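Student: I am new to this structure and would like a close look at one part of it. Please start there and then connect it with the rest.

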Amino acid sequence: MTEMLDLDAEVAADHLAGLTARVAELAGDRVVRDVVDIGAGTGTGSFALLRRFPDATVTAIDTSAEMLSHLAGSARRHGFDGRVRTRQADLDAGWPETGAADLVWASASMHHMGDPDRVLADIRGVLRPGGLFAMIEMESMPRFLPDDIGIGRPGLENRLNAIADHARAEHLPHVGSDWPSRLTAAGFTILDAHDLVVDVPSPLPAAAVRYAAATFRRFRAGMTDRLPADDLTTLDTLLADDARLLRALPDLTVHSTRAVWIVTPT
Ligand SMILES: C[S@@+](CC[C@H](N)C(=O)[O-])C[C@H]1O[C@@H](n2cnc3c(N)ncnc32)[C@H](O)[C@@H]1O
């Protein structure tokens, strides 16, 4: 998972920079100092925000000690040591002590919460008047393959995604929730709502190819008992020998859509 998150960060870096620029535009004259990144993972959002807001320090919250230690190592390598503090906490158990915030960021994390409305109320509670909450949710899993790759039955990626969507819906009931209604009910005014579309055409840069391979390896590991036998064989063929055949596909692309809301306390 850490590898996939880091590769996603690399592939979507320009889009993310565009998004933080939009946040800065909405912040206007406000100096953004205290930032909280919830479900920070490997720090994709934290680092993009530290680059955008030179006076900021980030409190990166995650349940996972592994994610946070990876994030702390990357912070040192990126020269952000001293501007990031990590806080291991389960937001479902309550909001940890963070102090007041100018900006809260939640990328691909709100749907993990058991009670997102309570977490939204906590975010509303820590934001200073006029502060911003930026929330990003994946609308669909990233896509890489054309329908017919010339190996196995056409439609492999559709079938893989259908299984993944089903599993997500089972384990994460808030995926695809009506977030605008929830945000409004929690006392936020929506300043901006848009889709962030990441489209990388072929030939893909090396990081995007590694992202595709990491995604299909994850599918392969998690779906052994749910995939038809012929699709398992196709996946194994694609991934054999360090994903040699997958990497050689001439029309590998990346396409993913994320929904973005930037809101402020009403
Ligand atoms: C899909 S990752 C997103 C990571 C990062 N924000 C990004 O955009 O790359 C979701 C993260 O939320 C964290 N998470 C899930 N449930 C959580 C909870 N209840 N409290 C805090 N963090 C949580 C997970 O450990 C994981 O690192």
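In which helix is the place of Ala243?

Tutor: The model is a predicted one. The place of Ala243 is in helix α9, a helix that spans residues 229-248. The backbone of Ala243 has a phi near 55°, which is a positive value in a residue other than glycine. Helix α9 also holds Asp241, and Asp241, again not a glycine, has a positive phi of about 55°. The two residues can be set side by side by their accessibility. Ala243 has a relative accessibility of 0% and therefore counts as buried. Asp241 has a relative accessibility of 55%, so Asp241 counts as exposed. Helix α9 thus contains a buried residue, Ala243, and an exposed one, Asp241, each with a positive phi.

Another backbone feature is found at Pro203. A cis peptide bond joins Ser202 to Pro203, with omega at about 0°. Pro203 belongs to the loop between β6 and α8, and α8 covers residues 206-222.

Strand β6 leads on to the aromatic residues. The count of aromatic pairs comes to 5. One of them is formed by Phe133 and Phe188, whose ring centres are 5.9 Å apart and whose planes make an angle of 40°, which makes the pair tilted. Phe133 lies in strand β5 (residues 127-138) and Phe188 in strand β6 (residues 188-200), so this pair ties together parts that are 55 residues apart in sequence. Both Phe133 and Phe188 are buried. Elsewhere, ring pairs link Phe144, Tyr211, Phe216 and Phe219 into a cluster. Trp179 has a charge over its ring: the charged end of Arg182 sits there, 5.5 Å from the ring centre.

The residues Trp179 and Arg182 bring us to helix α7, which runs over 179-185. Val175 has its place in the loop between α6 (156-171) and this helix α7. At 28% relative accessibility, Val175 counts as partly exposed. Val175 and Ser109 are 66 residues apart along the chain, and their C-alpha atoms are separated by 9.9 Å.

Other C-alpha distances involve Thr264, a residue of strand β7 (residues 254-265). Thr264 has a relative accessible area of 13% and is therefore buried. Thr184 is 80 residues from Thr264 along the chain, with 9.9 Å between the C-alpha atoms. Ala27 and Thr264 are 237 residues apart in sequence, and their C-alpha atoms are 9.9 Å apart in space. Ala27 is found in helix α2, which covers residues 13-27. With a relative accessibility of 12%, Ala27 counts as buried.

The remaining part is the ligand site. There are 19 residues around the ligand, of which Gly39, Asp62, Asp90, Leu91 and Ser107 come nearest. Sorted by type, the shell has 8 nonpolar, 8 polar and 3 charged residues. Several backbone atoms of the protein lie opposite nitrogen atoms of the ligand. For Gly39, a backbone N or O atom is 2.8 Å from a ligand nitrogen. For Leu91, a polar backbone atom is 2.9 Å from a nitrogen atom of the ligand. For Thr63, a polar backbone atom is 3.4 Å from a nitrogen atom of the ligand. On its own the ligand has 600 Å² of accessible area, and the protein covers 88% of this.

To return to the starting point, Ala243 is a buried residue of helix α9, and its phi is positive, near 55°.

Note on methods. Residues numbered from 1 in each chain as written. Predicted model: local features only at pLDDT ≥ 70, side-chain atom pairs only at ≥ 80, totals over all residues. Heavy atoms only, no water. Near = heavy atom within 4 Å. Polar contact = N/O pair within 3.5 Å; in protein donor to acceptor, adjacent residues only side chain to side chain. Areas by Shrake-Rupley, 256 points an atom, 1.4 Å probe, with all protein chains shown as cover. Nonpolar A, V, L, I, M, F, W, Y, C, P; charged D, E, K, R; others polar. Phe/Tyr/Trp six-rings, centres within 6.5 Å; stacked < 30°, edge-to-face > 60°. Helix = DSSP H or I, 4+ residues; strand = E, 2+ residues; numbered from the N terminus. Buried < 20%, exposed > 50% of the residue type's maximum accessible area, 1.4 Å probe, protein only. Lys NZ or Arg CZ within 6 Å of the ring centre and 35° of its normal.
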